[in-house]
Amino acid sequence: MPRNLRDLVTVSPPTFDRTSFAGVDRELGAAHAPFDRAWLMERFDEGLQIRMLPPPASGIVLFQPGRLCWRPIDGLDDAVVVHDLRVHPGEGARKAADRLWHGVEDFARFYGFSTVLAIVGEEEGLISPEFAPRRRWMAVDEGPGAARLTARILQGPIPLPHFPRDWKARIARLGFRPAVQTTGESVALEARADALCERAARSGLQVRRERLGRPEEAQARAVSPAAAFSVLGGGQRIGGAEMSDTAILEAWKAQRPS
């Protein structure tokens with residue numbers, strides 16, 4: 001096994017509760033965290049890999065075989081997709097992130113994958129630009145919200161992966177009425193979506209609630225590269241987890257027929 005992988009802590013179902021993953025997941029903070037434990041356990045059956053920096057460092061990375069990833073990307077054959085990567089901010093953060101990126105690259109190379117992919121952007125559910133991969137990575141496509149699909153080509157030549165081209169059709173499928181689309185990965189975002197629907201109902205608004213339940217659904221139907229939380233209305237994506245509940249409700253009410 002490559003050195004970079006040996007230097008990281010592997011989290012698996014038998015070791016999950018004996019590691020500090022749950023605590024680090026909460027500590028590192030993000031609107032899409034902490035991850036739902038049951039959701040993660042189901043993903044392990046799909047090939048999910050979790051690596052952590054050894055204590056006292058704080059950093060985690062989650063990645064999956066491309067065909068089973070939970071982000072909308074086309075051309076995933078023979079790829080590994082990084083689902084999430086977070087490290088403790090501050091001095092040493094950049095070096096800590098690089099250790100995790102190198103670990104994923106080594107995993108992909110060891111098992112014969114041709115590409116490692118990650119979606120970088122400011123929206124919740126994407127890899128923060130602050131911790132984006134650096135050397136030998138390149139941007140191969142740009143999606144809604146300035147999301148960037150980045151790739152590390154390990155062996156080729158290969159057709160470059162890309163974002164879907166049917167964003168408008170995906171949104172249109174959900175109709176014009178208010179809607180919330182989630183993936184079920186985040187405890188906080190699922191609870192927030194449910195609460196939003198309840199608040200909207202008390203205001204006389206019926207909200208369509210769509211939870212994507214399988215990786216192929218996320219790839220084929222997610223209306224945003226971030227996927228984890230999308231708010232829609234009036235035939236468009238209004239925003240994601242960065243919007244306040246008040247702003248979302250006001251946007252929905254403004255679209256209500258007078």
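**Close-up 1. A search for enclosed space in this predicted model turns up one cavity of 30 Å³ or more.** The search covered the whole structure, and the model it was run on is a predicted one. The largest cavity has a volume of about 40 Å³. Which residues line the largest cavity? Its lining is made of Arg71, Val81, Val82, His83, Ile119, Gly125, Leu126 and Ile127. Strand β4 gives the largest share of this lining, with three residues.

**Close-up 2. The largest pocket has a volume of about 220 Å³.** This pocket is lined by 19 residues. If you would like to start from its centre, look for Ala30, Arg86, Glu124, Leu126 and Ser128, the lining residues closest to that point. Here, too, look for β4: the largest share of the pocket lining, four residues, comes from this strand. Leu126 is worth finding twice, since its name appears in the lining of the largest cavity and among the residues closest to the centre of the largest pocket.

**Close-up 3. The largest nonpolar core brings together 24 residues.** Val82, Leu85 and Trp101 have the most contacts inside this core. At least two core residues come from each of β3 (59–65), β4 (79–87), α4 (93–110) and β5 (115–120). Which of the elements gives the most to the core? The answer is α4, with eight residues. As a general rule, nonpolar side chains in soluble globular proteins tend to be buried together.

**Close-up 4. Trp101 has many neighbours to find, including Val82 and Leu85.** Leaving aside residues up to four places away in sequence, Trp101 also touches Arg94, Ala118, Ile127, Phe131, Ala132, Pro133 and Trp137. Apart from the core that holds Trp101, there is another one, of 20 residues. Trp39, Leu40, Leu48 and Trp70 are among the members of this other core.

**Close-up 5. Strands β8 and β9 run parallel and are joined by four bridges.** You can trace β8 along residues 179–182 and β9 along residues 208–211. Which residue of β9 does Thr182 stand opposite? Its partner is Arg211. Add helix α6, residues 187–202, to the two strands and you have a right-handed β-α-β unit.

**Close-up 6. Two prolines in this model follow a cis peptide bond, one of them joining Ala33 and Pro34 and the other joining Pro55 and Pro56.** Omega is about 0 degrees for the bond between Ala33 and Pro34, and about 10 degrees for the bond between Pro55 and Pro56. To find Pro34, go to the loop between α2 (21–28) and α3 (37–44). For Pro56, go to the loop between β2 (49–52) and β3.

**Close-up 7. Arg136 and Ala146 have positive phi values, although neither is a glycine.** Phi is near 70 degrees in Arg136, which lies in the loop between β5 and β6 (138–142). Is Arg136 buried or exposed? Arg136 counts as exposed because its relative accessibility is 57%, and the cut-off for exposed is over 50%. In Ala146, phi is near 65 degrees. Ala146 belongs to the loop between β6 and β7 (148–153). With a relative accessibility of 46%, Ala146 counts as partly exposed.

Technical notes:
Residues are numbered from 1 along each chain as its sequence is written. This is a predicted model: local features need pLDDT of at least 70, side-chain atom pairs count only at pLDDT 80 or more; totals for chains, interfaces and linings use all residues. Side-chain values use heavy atoms; hydrogens and water are left out. A nonpolar core is a set of buried Ala, Val, Leu, Ile, Met, Phe, Trp, Tyr and Cys residues joined through side-chain atoms within 4.5 Å. Buried means under 20% relative accessible area, exposed over 50%, partly exposed in between (1.4 Å probe, protein chains only). Contact means heavy atoms within 4.5 Å. Two strands pair if DSSP finds at least two bridges between them. A crossover is right-handed if, with the strands pointing away from the viewer, the path from the first strand over the helix to the second runs clockwise. On a 1 Å grid over the protein atoms alone, a cavity is a set of points where a 1.4 Å probe fits but cannot get out, and a pocket is an open set with protein on both sides within 12 Å along at least five of seven lines; lining residues have an atom within 4 Å of a point. Grid points are joined across faces, edges and corners, and a volume is the space filled by probe spheres set on the points.
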